[in-house]
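Reader: I would like a close look at a single part of this protein and at how that part sits within the whole. Could you take me through one loop residue and its surroundings, and then outward to the packing of the helices?

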Amino acid sequence: MTDATRTTESPNPPQAPTPRRGPRHAQHAHARASAVALTLALTVTLIVALAAGCDGARPALERPHVLLLTVDTLRADHLGAYGYERATSPNFDRFAQDGLRFQRAYANAPETCPSFGSLLTGYLPHETQVTTNLVYLPDAVETLAEMLEAEGYVTAAFVSNFVLRAETKFDQGFEVYDDTMTELETNREMPERTARATADAAIAWLEEADPDEPFFLWVHFQDPHGPYTPPDDHATRFDDDGRGTSRTLAVNPTVSGHGGIPAYQKLGDHTDAAHYVARYDAEIRYFDEQLGRLLEATDRRVGLDRAFTVFTSDHGEGMGEHDYWFAHGENVYAGVLHVPLVIHGATHDGRVRGGASPVAVQLLDIVPTVRDAVGLEPLDGLRGQSLLDAELAEAPIFTETRRYRSLIRGRLGLTLDRKLGQSYLFDLAADPGQTREIGRGQPAVVEDFLADLERLENEDRLRVSAVVPEINARAIDQLRKLGYVDPESTPDDESGGSDNGSDEGTR
Ligand SMILES: [Zn+2]
């Protein structure tokens, strides 16, 4: 269905935003909102049930609540709804059953801040300038929260990853930005908030929220991110179930996951890969229990069918593919890019979809999708597409780190190692593990991919400058120990990382 057939413009002027409760960033949000002249498309209600598998019409709501649920470092293929053999995710599976699940969703960066920069703005990392975890989100970039705040939404976020703390400007557009992290990770002295505390805080906010006033609530869970230390009552759940391949690994002296266990991930004397996978899975199960509580509270307070919910992750985690273990950020293979993505619930015009989509989509698509769901016009220049469209395009999916590029088009994916000047083409459908390079036999296809890559990486639709943080050496060191500093930038990493002329490790 095209936009033209989906919505009908009303001659009425855009609806005035409802009063806000002391927005933190109201001024710049309003200025930007007027600058880009957002219009709220008042639509003729059109209830259409799309796609097989939907379970009947959902309510058409002029402005549904928006719930963005994200989980750090969560591989799609470790969830039941994506075919995993362990019972890691009963609550997610039930939720996914009732929504539209994207089988092939990819992150635009395999690292937290660059990935969220794209997810929350709809632009590529090199456009937002957030290409590492040490670059603050520029004020000039309009975020999803700012878009919704300008339309009268009450906005609140509960984040649990240190690199998303308010200081890094991911709080733009949020009236409430709760980055309380009073816990320290077991294996490293890093503030974090575990899933129970995260869910508690979000649920407490929901209990106070006015169900009749539309809100945008972002809740980010941190738990599957290493070190894999779920609470005691969950820790050993999958230890002895006979699943997983036993293999003894080296422990790396650095945060790198190449060829062994990153230093900060080491758990006691354990060197068996299967032990780490079991603990990672136990983290997911622990998170899932809290997801169940949050979904229940949302349903009780506002009704899940009165909210448009997006569930996803910022990136995956290496689980031994290409001898890369329990880390992310250092390559662009599918293990670190393939994430779960489910959309669920109400839209402004009552469209619902269910089932599973095989089309390759990306986190860039979330901003246009949410805009569509709440009835905002498509934004000129914005990348991505609305995932509510019945006929999704096979858009090129571009992913970047400082050293690597990836481009996925349909079933084919090309990775480019810029340092070595080498590219590798894979058939992702026949060879999801990316073990058989097929580019040598088809140079014309490779050339075409490389031309597309070059075009995308040279496009800059935003032209903003980043605010580079004044971050002190101790904090840098702390972040590096935690695996948060871009491994490509660490001096002891042979991969270098000076290819873009910056070395954020010294700032
Ligand atoms: Zn992350």
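Author: A suitable place to begin is valine 141, which lies in the loop between helix 5 (125–128) and helix 6 (144–150); the model in which we examine it is a predicted one. Although it belongs to a loop, valine 141 counts as buried, because 22 C-beta neighbours lie inside 10 Å, where 20 or more are needed for a residue to be called buried. Leaving aside residues up to four places away in sequence, valine 141 touches Thr121, Thr128, Leu462 and Val464. Leucine 120 is 21 residues from valine 141 in sequence, and the two C-alpha atoms are 9.8 Å apart in space.

Both Leu120 and Thr121 are among the buried residues of helix 4, and this helix deserves attention in its own right. In helix 4 (residues 112–121), 10 of the 10 residues are buried, so the helix is largely enclosed by the rest of the structure. Those buried residues, including Cys113, Phe116 and Leu119, pack against helix 5, helix 6 and helix 11 (366–374). Just after helix 4 comes glycine 122, which takes a positive phi of about 85°.

Moving outward, the protein chain has 13 helices and 19 strands, and of its 507 residues 52% count as buried. Among the contacts in the chain with a separation of 6 or more, 71% are accounted for by residues 24 or more positions apart.

The largest nonpolar core has 118 residues, of which Val66, Tyr106, Ala202, Phe216, Leu217, Val219 and Val370 touch the most other members. Helix 9 (residues 273–301) supplies the largest share of this core, with 12 residues. Domain 1 (58–397) and domain 2 (404–458) both give residues to the core, which therefore lies between them.

Alanine 202 links this core to a helix pair: beyond residues up to four places away in sequence, it touches Phe158, Leu217, Val219 and Leu294, and both Ala202 and Leu294 take part where helix 7 meets helix 9. The axes of helix 7 (residues 195–208) and helix 9 come within 9 Å and cross at roughly 5°, and the two helices are therefore roughly parallel to each other. On the helix 7 side the participants include Ala195, Ala199, Ile203 and Leu206, while those on helix 9 include Tyr286, Phe287, Ala297 and Arg301. By character, the residues of this contact divide into nine nonpolar, three polar and four charged.

Methods:
Residues numbered from 1 in each chain as written. Predicted model: local features only at pLDDT ≥ 70, side-chain atom pairs only at ≥ 80, totals over all residues. Core = buried A, V, L, I, M, F, W, Y, C linked by C-beta atoms within 7 Å. Buried ≥ 20, exposed ≤ 12 C-beta atoms within 10 Å, placed from the backbone. Domains from an automatic or database assignment. Contact = placed C-beta atoms within 7 Å. Axes fitted to C-alpha atoms, helices over the stretch in contact; angles between N-to-C directions. Parallel < 35°, antiparallel > 145°, perpendicular 65-115°, else oblique. Nonpolar A, V, L, I, M, F, W, Y, C, P; charged D, E, K, R; others polar.
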